[in-house]
Amino acid sequence: MNLSIVIENDEDKRNIDELLEQINAKILFHPPKNSPYFEFKENKLRFFFDLENSQPLDIDFLKGSMGWRLKRTDHEKLLKKAVGKTDKPLTIFDGTAGFLSDTLILLALGHKVIACEQSKILFVLLKDAIRRAKDALPYLDNLKIYNDNSINLYKNLENIDLVFLDPMYPEPKKHVLRSGNMSSIRKILNIESIDDVEDNIFFEFKDFGYKKLILKRPIKAGLLDQNINYQVKGKSTRFDVYI
Ligand SMILES: C[S@@+](CC[C@H](N)C(=O)[O-])C[C@H]1O[C@@H](n2cnc3c(N)ncnc32)[C@H](O)[C@@H]1O
């Protein structure tokens with residue numbers, strides 16, 4: 001995958017040195033005509049799928065600021081219940097980082113999170129979002145994020161209290177318009193030729209082992225394993241807990 005990054009001036013180049021190391025991208029001063037590209041402008045990294053696509057992707061944890069937490073209070077309560085009562089903060093492995101929304105809730109609940117995302121494009125967008133949000137969200141200090149296949153990384157980790165997985169799920173047709181984030185992830189995985197085999201990740205973790213695993217599923221999805229310990233159900237999502 002050959003990626004390019006469009007910058008406005010040499011000053012920007014200094015700001016993105018660390019990012020450049022990770023994506024090995026070609027620096028341009030004008031957008032390429034026929035391929036996806038990053039743009040670093042006004043201190044923010046964006047990803048353009050193509051020139052015609054006017055809606056670039058950027059990740060901003062602070063947009064809507066408090067709205068972010070308020071909109072998710074229901075989800076936050078469910079996740080808190082799925083994690084269960086603990087006397088001390090847990091070390092949680094999020095094997096499906098995505099846009100980091102679930103990780104941010106787990107961090108806000110006081111836990112430490114090691115998050116892993118297979119897509120390099122998403123990973124660098126996340127790193128940039130973290131850089132910009134660090135001062136406003138001090139709990140980001142309790143996050144470590146990696147670009148890898150989760151099971152490979154997990155096999156080398158010790159003392160993980162809890163594994164959290166939110167695998168990709170086929171989109172129901174009527175939700176296509178609402179689920180813009182998931183469509184963007186699919187497009188990105190396609191660009192990177194990553195074959196996401198959805199539920200496989202759950203079975204890989206099941207085979208390897210864990211203390212406790214939370215699997216996020218659409219409410220109407222079938223059980224992936226009958227040996228479940230408990231479920232926490234919301235309106236559209238549920239958490240299947242395996243111990
Ligand atoms: C449904 S999204 C997760 C959304 C995330 N929970 C959030 O709150 O934004 C699934 C993500 O997991 C990533 N993923 C799937 N399998 C993976 C694997 N084996 N290793 C690393 N990342 C994986 C996909 O690339 C995708 O970004």
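Four short exercises on this predicted model follow, each with a worked solution.

**Exercise 1. Overall build**

Task: State how many helices and strands the protein has, then judge its compactness from the radius of gyration.

Solution.
- Start with the elements. The protein contains nine helices and eleven strands.
- Next, take the radius of gyration, which is 18 Å. The globule rule gives 18 Å for 243 residues, so the protein is as compact as a globular protein of that length.
- Add the extents. The C-alpha trace spans about 55 × 40 × 35 Å along the principal axes.
- Turn to burial. Of the 243 residues, 28% count as buried.
- Finish with contact range. Take the contacts between residues at least 6 apart in sequence: 62% of them join residues at least 24 apart.

**Exercise 2. Two domains**

Task: Find the domain bounds and describe the side of domain 1 that touches domain 2.

Solution.
- Set the bounds. Domain 1 covers 4-48 and domain 2 covers 66-242.
- Place the domains. Their C-alpha centres lie 28 Å apart.
- Count the contacts. Seven residues of domain 1 are in contact with eight residues of domain 2.
- Locate the domain 1 side. Helix 2 (17-23) and strand 4 (44-48) are the elements that each give two or more residues to it.
- Sort this side by class. It holds five nonpolar residues, one polar and one charged.

**Exercise 3. The largest nonpolar core**

Task: Identify the residues that touch the most other members of the largest nonpolar core, then trace where the core comes from.

Solution.
- Size the core. It has 50 residues.
- Pick out the best-connected members. Leu125, Leu126, Phe164 and Leu165 touch the most other members.
- Find the main contributor. Helix 6 (residues 120-133) gives the most, with seven residues.
- Check the domains. Both domain 1 (4-48) and domain 2 (66-242) supply at least three residues each to this core.
- Zoom in on Leu125. Leaving out residues up to four places away in sequence, Leu125 touches Leu45, Phe47, Leu57, Asp58 and Ile59.

**Exercise 4. Around the ligand**

Task: Describe the shell around the ligand by nearest residues, elements and classes.

Solution.
- Count the shell. There are 21 residues around the ligand.
- Name the nearest. Thr96, Gly98, Phe99, Ser101 and Gln118 come nearest.
- Assign the elements. Helix 5 (101-108), strand 6 (112-117) and helix 8 (180-191) are those that give two or more residues to the shell.
- Sort by class. The shell has nine nonpolar, eight polar and four charged residues.

Terms used: Residues numbered from 1 in each chain as written. Predicted model: local features only at pLDDT ≥ 70, side-chain atom pairs only at ≥ 80, totals over all residues. Core = buried A, V, L, I, M, F, W, Y, C linked by C-beta atoms within 7 Å. Buried ≥ 20, exposed ≤ 12 C-beta atoms within 10 Å, placed from the backbone. Helix = DSSP H or I, 4+ residues; strand = E, 2+ residues; numbered from the N terminus. Domains from an automatic or database assignment. Contact = placed C-beta atoms within 7 Å. Near = placed C-beta within 6 Å. Nonpolar A, V, L, I, M, F, W, Y, C, P; charged D, E, K, R; others polar. Rg over C-alpha atoms; globule rule 2.2 N^0.38 Å.
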